Each structure stands twice: as C-alpha cells, then as structure tokens.
Amino acid sequence: MSKLLLIIEDNEQNLYMMRFLLEKSGFSVIGAENGPEGIKAALRHKPQGILLDIQLPEMDGYTVAAELKKHSELCDIPIIAVTSYAMVGDREQILAAGAYGYMEKPINPESFVDEIRKFLHDYNKGNDKKGV
Ligand code: MN
C-alpha cells in the first residue's frame with residue numbers, strides 16, 4: 001500500500017513540485033494551502049507523514065505543529081518542517097513546536113524524496129524502540 005503524505009504549503013509551485021516528486025516515487029499526496037485546512041485534512045485522512053511549511057497565511061507553521069500535536073489521533077504522525085526560514089534558532093523553534101524533521105527550501109529534486117523516506121524510516125525505527 002502506498003504511503004499517504006499531507007503537504008501543508010501555501011506556495012502553489014512548491015506544492016506542485018513536492019507532490020510531483022513524491023507521486024512519481026509511489027507516495028499518495030494530499031495538499032492543503034493553509035493551517036486550518038491542513039489540520040482538517042489530517043483528521044480526515046490520518047496520513048503517515050505531514051510536510052509543513054512554516055510561512056503560512058493566518059496560522060503559521062509553529063502554531064499548526066502545536067495544534068496537530070494536541071490531537072491524540074494525530075500526535076504520532078511525524079511532521080517534517082519545510083521552510084525557507086534559515087535564521088538561527090528557527091530549526092530549534094519548529095522542533096520544539098513538535099516537528100520531527102526539518103528541511104530547508106529550495107528543495108533539491110535529486111534528494112528530496114530520499115530525505116523524506118529517511119525521516120519516515122528513522123521516525124518509525126525510533127518508535128519501535130520506544131515500544132520495546
Ligand atoms: Mn509559505
């Protein structure tokens with residue numbers, strides 16, 4: 001069964017590119033263009049991973065990550081922040097808000113899918129260990 005990922009990203013071109021690369025590699029993708037829509041989609045579809053832009057209109061990515069973590073049925077889904085913010089401290093801030101991984105934009109089409117796979121793999125491996 002193909003893995004379902006949710007991408008919360010307000011930039012149409014970025015969303016298009018990420019969706020294209022992931023679908024080409026066998027993932028299924030749902031897109032949402034803002035935080036509230038993304039949270040709704042996450043609750044409805046329970047994806048295996050969430051790619052989250054930080055610079056979003058109205059509700060920023062930090063708030064979205066924190067909201068996702070408040071839902072017991074969503075809190076185990078790994079969140080990977082994808083952001084063009086490259087300021088010192090941003091990585092720490094989004095990880096503190098609940099993201100598991102962090103990637104900087106622009107994404108590299110050559111390595112993007114492998115990086116996502118690695119985040120998902122490492123996250124699931126970590127969870128197995130916790131369960132032992
Ligand atoms: Mn954005």
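## Close-up views of a predicted model

Let us start with one residue: at 59% relative accessibility, Y16 counts as exposed, because exposed means over 50% relative accessible area. Keep in mind throughout that this is a predicted model.

**View 1. A nonpolar patch on the surface includes Y16.** You can find Y16 in helix α1, which covers residues 12-24. Together with M17 and F20, Y16 forms a nonpolar surface patch with about 330 Å² of accessible area.

**View 2. R19 and E23 pair up in helix α1.** These two residues form a salt bridge, and their closest N and O atoms are 3.6 Å apart. Four residues separate them along the chain, about one turn of the helix. E23 is partly exposed, with a relative accessible area of 40%; R19 is also partly exposed, at 27%.

**View 3. Three protein residues hold donors of the manganese ion.** Look for D10 (OD), D53 (OD) and Q55 (O), which lie 2.0 to 2.2 Å from the ion. Along the chain, their spacing reads D-x42-D-x1-Q. D10 sits in the loop between β1 (4-8) and α1, while Q55 sits in the loop between β3 (49-53) and α3 (61-70), so this pair links parts of the chain 45 residues apart. D10 is partly exposed, with a relative accessible area of 37%, and Q55 is partly exposed as well, at 38%.

**View 4. D53 also forms a salt bridge with K105.** The closest N and O atoms of this pair are 3.0 Å apart. K105 lies in the loop between β5 (101-104) and α5 (112-131), and D53 belongs to strand β3, so the salt bridge ties together parts that are 52 residues apart in sequence. Both K105 and D53 are buried.

**View 5. Helix α3 has a salt bridge of its own, between K70 and E67.** Their closest N and O atoms are 3.0 Å apart, and the two residues are three positions from each other, about one turn of the helix. K70 counts as exposed at 62% relative accessibility, whereas E67 counts as partly exposed at 24%. Elsewhere, salt bridges that share partners join E9, D53 and K105 into one network. A search of the whole structure finds six salt bridges.

**View 6. Stepping back, the chain has five helices and five strands.** Along the sequence they follow the pattern β-α-β-α-β-α-β-α-β-α. The radius of gyration is 14 Å, which agrees with the value near 14 Å for a compact globule of 132 residues. Buried residues make up 42% of the chain.

Technical notes:
Residues are numbered from 1 along each chain as its sequence is written. This is a predicted model: local features need pLDDT of at least 70, side-chain atom pairs count only at pLDDT 80 or more; totals for chains, interfaces and linings use all residues. Side-chain values use heavy atoms; hydrogens and water are left out. Patches are made of residues with over 30% relative accessible area and no salt bridge: like charges are joined within 9 Å, nonpolar side chains (Val, Leu, Ile, Met, Phe, Trp, Tyr) within 5 Å. Accessible areas come from the Shrake-Rupley method with a 1.4 Å probe; for residues, only the protein chains shown count as cover. A salt bridge is a side-chain nitrogen of Lys or Arg within 4 Å of a carboxyl oxygen of Asp or Glu. Buried means under 20% relative accessible area, exposed over 50%, partly exposed in between (1.4 Å probe, protein chains only). Donors are N, O and S atoms within 2.8 Å of the metal (3.2 Å for Na, K and Ca); water is not among the atoms, so sites may look incomplete. The radius of gyration is taken over C-alpha atoms; the globule rule is 2.2 Å times the number of residues to the power 0.38.
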